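Trainee: Could you take me through one part of this model up close? I'd like to follow the sheet and whatever packs on it.

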Amino acid sequence: MVTRKKINIPIFDYGLTIYIYDEWDEVKHMFNNIVEPRGVTAIYPGYSVVAVNYKFYTSIVHEAEHIKNALWEHIGYKPMAGNDEVDAYLLAYIFSKMVDVYEKHKESK
């Protein structure tokens with residue numbers, strides 16, 4: 001089973017498609033059939049596609065970090081070592097959206 005949600009990250013106009021899956025075979029075609037990971041993020045100009053195996057909840061924050069960094073790269077922002085509040089808020093936002101999809105997947109089981 002796969003649960004999918006497509007969102008746009010406000011302010012930054014950055015697209016994100018989130019997949020929570022049970023079996024790698026359900027999503028591997030979107031990621032060049034790489035060896036099965038716990039989670040994976042594909043980065044494109046202006047959007048990312050992320051897939052996380054339902055069994056590995058903690059991989060959500062791992063992949064959220066990759067998405068945050070891809071968004072910063074997309075808009076040309078350089079994080080500031082002495083002030084990471086913007087990073088923290090964006091990471092929390094991405095994480096919460098991914099958790100929403102995870103919870104929807106969990107409810108469908």
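Mentor: Strand 3 and strand 4 run antiparallel and are joined by 6 bridges. One pairing to click on is Val 40, whose bridge partner in strand 4 is Ala 51. This is a predicted model, by the way. The two strands make a hairpin with 2 residues between them, and Gly 46 in that turn has a positive phi of about 90 degrees.

Now zoom out to the whole sheet. It's an open one with 4 strands in the order 1-2-4-3, and the pairing is mixed. Strand 1 (2–9) and strand 3 (39–44) are the edges, each pairing on one side only. On average, neighbouring strands are turned by 15 degrees against each other, ignoring direction. Over at strand 1, 8 bridges tie it to strand 2 (residues 14–21), and that pair runs antiparallel. Arg 4 is a handy marker there, with Tyr 19 of strand 2 as its bridge partner.

Back to strand 4, which holds Ser 48. Is Ser 48 buried or exposed? Its relative accessible area is 0%, and because buried means under 20%, Ser 48 counts as buried. Its side chain makes a polar contact of 2.6 Å with the side chain of Tyr 14. Beyond its neighbours within four places in sequence, Ser 48 is in contact with a set of residues including Gly 15, Leu 16, Thr 17, Thr 41, Ala 42 and Ile 43. Ile 67 and Ala 70 are also among its contacts, and both of these are on the list of buried residues of helix 1.

That brings us to the helices. Helix 1 (residues 59–75) lies across strand 1, strand 2, strand 3 and strand 4 (47–53), at about 10 degrees to strand 3. Its 17 residues reach 25 Å from first C-alpha to last, close to the 24 Å expected. Besides the two I just mentioned, its buried residues include Ser 59, Ile 60, Ala 64, Leu 71 and Trp 72, and also Glu 63 and Lys 68. The cover over those buried residues includes strand 1, strand 2, strand 3, strand 4 and helix 2. Just past the end of helix 1, Gly 76 takes a positive phi of about 80 degrees.

Helix 2 (residues 85–108), for its part, lies across strand 1, strand 2 and strand 4, running at about 150 degrees to strand 1.

How values were computed. Residues are numbered from 1 along each chain as its sequence is written. This is a predicted model: local features need pLDDT of at least 70, side-chain atom pairs count only at pLDDT 80 or more; totals for chains, interfaces and linings use all residues. Side-chain values use heavy atoms; hydrogens and water are left out. Two strands pair if DSSP finds at least two bridges between them. Axes are lines fitted to C-alpha atoms, for helices over the stretch in contact, and angles run from 0 to 180 degrees between N-to-C directions. Contact means heavy atoms within 4.5 Å. Buried means under 20% relative accessible area, exposed over 50%, partly exposed in between (1.4 Å probe, protein chains only). A polar contact is a pair of N or O atoms within 3.5 Å; within protein, one must be able to donate a hydrogen and the other to accept it, and residues adjacent in sequence count only if both atoms are side-chain atoms. The expected span of a helix is 1.5 Å times one less than its number of residues.
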